[in-house]
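Subject: Structure handover, with notes on charged pairs

Dear colleague,

I am passing on the structure below, together with some notes on what turned up when I went through it. Please read the notes with the structure open beside them.

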Amino acid sequence: MKLYEKLADEMTEAVRRGVFAAGERIPSVRQASQQHGVSIKTVLHAYALLESRGLVETRPQSGYFVRDAVAMAAALDEPRLSRPPAVHTPPVAAALDEPRLSRPPAVHTPPVAAAVDVSRLVLSTLRSIRAHDAVPLGSPYPDPSLFPWRRINQYANAIARRQASWNLIDDLPPGNPQLIRQIARRYAENGVPVDPDEIVITLGATEAINLSLQAVAKPGDTVAVESPTYYAMLHAIERLGMRAIEVATHPVHGIDIEALAQVIARQKIAACMVMPNFQNPLGFQMPDARKQQLVELLAAHEIPAIENDVYQELYFGEARPSPLKNFDTKGLVLHCASFSKSLTASYRIGWAMPGRYRAQVEKLKFLNTLTTPSVPQVAVADYLRQDGYDRHLRQVRKAYRQQASIMMAMVQRFFPAGTRMSNPQGGYVLWVELPERVDSMRLYQAALARSITIGPGMMFSMRDDFRHFIRLNYSYPWTAQTEAAVKTLGELVAQMA
C-alpha cells in the first residue's frame, strides 16, 4: 500500500469513528504534512483519494471538509481494509547540547522490590511550598498565569446558565461525548489514530493512573518504575498496597530496557509504569526506536505498560512526540493524560485509553468516583472546538523553551563545580545533580528559611540514590527575584559542598 493510501485510510477511519463529524474541517494540507511526517504532495494525493471516495469536499479558500451526513454515510459503506493503524515517526528536534548529567548513580546490586512509603515526605514538602510566600522553584505545578482559565470559566458559566441542572446519567462513564470526540480529534490531528470508544474521562491524570494500575494489578504485586520517577506513580503503588522495583533510567534514552529485561527474567512483574515523553523529573523524550523496543519487550511477556503522557503537548521540537500507544498492537498500553499541565489545572480533566482493559477501567471509574462533573467537561470541549488551543500552546511552549535555557544558564553560572543538569526536551522541570556531599533535604530547609522552595531528590525514589539531587521549576516568568533565588541556592550549595 502506498503512503498516501495509508493516510487516506487513516482519515477514513477517523471519520467512521466520529473523530471528524459531518461538516467539520479536517487538518489543512500543511498541518497534515507536519503532523504525519509526510510530504505535501503525499497529503494532496491522500485528500484527492478521499474526495474520489465521496468522503470530503473542497471549499474554495477554506480547505477540506467532511461531506454532509447522507453523502458521508454512503461513502463509509465502502468495505474497509483490515490492517493495523500505520505508525508515523515525527521529526525529533536536535538536543541543545550533550547533557551534562550522563546517567543516574550506578546501581551495583540488582534492584529489589520494596514497599512504598513516600507520601508523607511528599505531602509535607508540598504543604511547605504552599504555606510559604516563596519563590516556587520547587512547585510541581505550571504557572497558572499562562492558562486561558478566564475564557474556560466563561464557557462554564454560559453552560451553567443554559442548563441549570444536569442529568446524572449524562455524567456516567465513559464521560461527555463532546469532550471524548475532541480528545480523539486532537490525537488524529497529531498523527495518532485512536478509537473514541476507548477513551474514559477521569479526574485528572492521577485518577487515570490509579484506575489503570488497579485494573492490571492487585495488592502485593510488583510494579516496575523508572528511577528516578514522578512521585505520583509511587503514590499509586503505595495506595494500592503494591510493591515497586526501580529500574535505572538514562536522562536521554529513558528506562534501561536491558536492565528491565533482567528484572523480568528474575521475578514476576505485574505492570511497568513509565513517562516516555518529558519525564518528570529528567525531562527526556524517549527515542521512538526505544519506545517500540520497550513495548515489544513487555508485550512478549504479556506485561501491561501504564504510560503517563501528561506533558505530551509541552514539547520544544517541531511536532508532538509519539506515545507508547502508537506502537501497541496487543492492547497492553494503558495511556493516561490530562489537560492539567497544558490548559487548566483547576478543572482536573484527564482521560485514559486503556486498550484491552477499557471495560475494567470504566467499571472502576464508576465504583471509585462515579462521575466526572459535566460542566467542566463541556467547557473544555467548547474551548477546544473554538480553535484557540494551538495558539495557546505555541505561546506556552515558547515561554517554557526560553525559560529552560535561562534556568540552565543561571545554574551553570551560580552553582559550584561538580554540578550537572539534565537537558529537558519539553515540560517545565530541570533535574540538577549537586556535589555528593550536599544533602538536598538540608538544602530544602535552608532555602525555605530564605523563602525559596525546591524539590528534594528523595521524593522521586524509594532509595537513597538521589539525596544530592533537586528538581527546579522554570515555568514561571523569569524575574530579578527568581535570579536572586537561584544565586542564593548556588551559594547555599557551595557552602554545603
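Does Lys365 count as buried or exposed, and what is its relative accessibility? Before the answer, please keep in mind that this is a predicted model. Lys365 counts as buried, since its relative accessibility is 1%, and the cut-off for that class is under 20%.

The partner of this lysine is Glu207: the two side chains meet in a salt bridge, with 3.0 Å from N to O. Because Glu207 belongs to helix 9 (residues 204–216) and Lys365 to helix 13 (residues 358–369), the pair ties together parts that are 158 residues apart in sequence. Glu207 is buried as well, with a relative accessible area of 9%. As general background, side chains of opposite charge can pair when their charged atoms come close.

A second pair that you may want to look at is Glu313 with Arg397, which form a salt bridge whose closest N and O atoms are 3.4 Å apart. Glu313 sits in the loop between strand 9 (305–308) and strand 10 (333–338), while Arg397 is part of helix 15 (residues 389–414), so this salt bridge ties together parts that are 84 residues apart in sequence. Glu313 is buried, its relative accessible area being 4%, and Arg397 is also buried, with a value of 9%. The pair does not stand alone, as Glu313 and Arg397 are linked with Arg186, Arg320 and Asp390 in a network of salt bridges.

A further salt bridge joins the side chains of Arg463 and Asp465, at 2.8 Å from N to O. Here the residues fall in the intermediate class: Arg463 is partly exposed, with a relative accessible area of 27%, and Asp465 is likewise partly exposed, at 23%. For the model as a whole, the count comes to 25 salt bridges, among them the pairs described above.

Finally, there is a nonpolar feature to point out. Phe366, Leu367 and Leu370 make a nonpolar surface patch of about 280 Å². Of these residues, Phe366 is found in helix 13, the helix in which Lys365 also lies. Phe366 counts as partly exposed, because its relative accessibility is 42%, whereas Lys365 counts as buried at 1%.

With best regards

Technical notes. Residues are numbered from 1 along each chain as its sequence is written. This is a predicted model: local features need pLDDT of at least 70, side-chain atom pairs count only at pLDDT 80 or more; totals for chains, interfaces and linings use all residues. Side-chain values use heavy atoms; hydrogens and water are left out. A salt bridge is a side-chain nitrogen of Lys or Arg within 4 Å of a carboxyl oxygen of Asp or Glu. Helices (H or I, at least four residues) and strands (E, at least two) are DSSP runs, numbered from the N terminus. Buried means under 20% relative accessible area, exposed over 50%, partly exposed in between (1.4 Å probe, protein chains only). Patches are made of residues with over 30% relative accessible area and no salt bridge: like charges are joined within 9 Å, nonpolar side chains (Val, Leu, Ile, Met, Phe, Trp, Tyr) within 5 Å. Accessible areas come from the Shrake-Rupley method with a 1.4 Å probe; for residues, only the protein chains shown count as cover.
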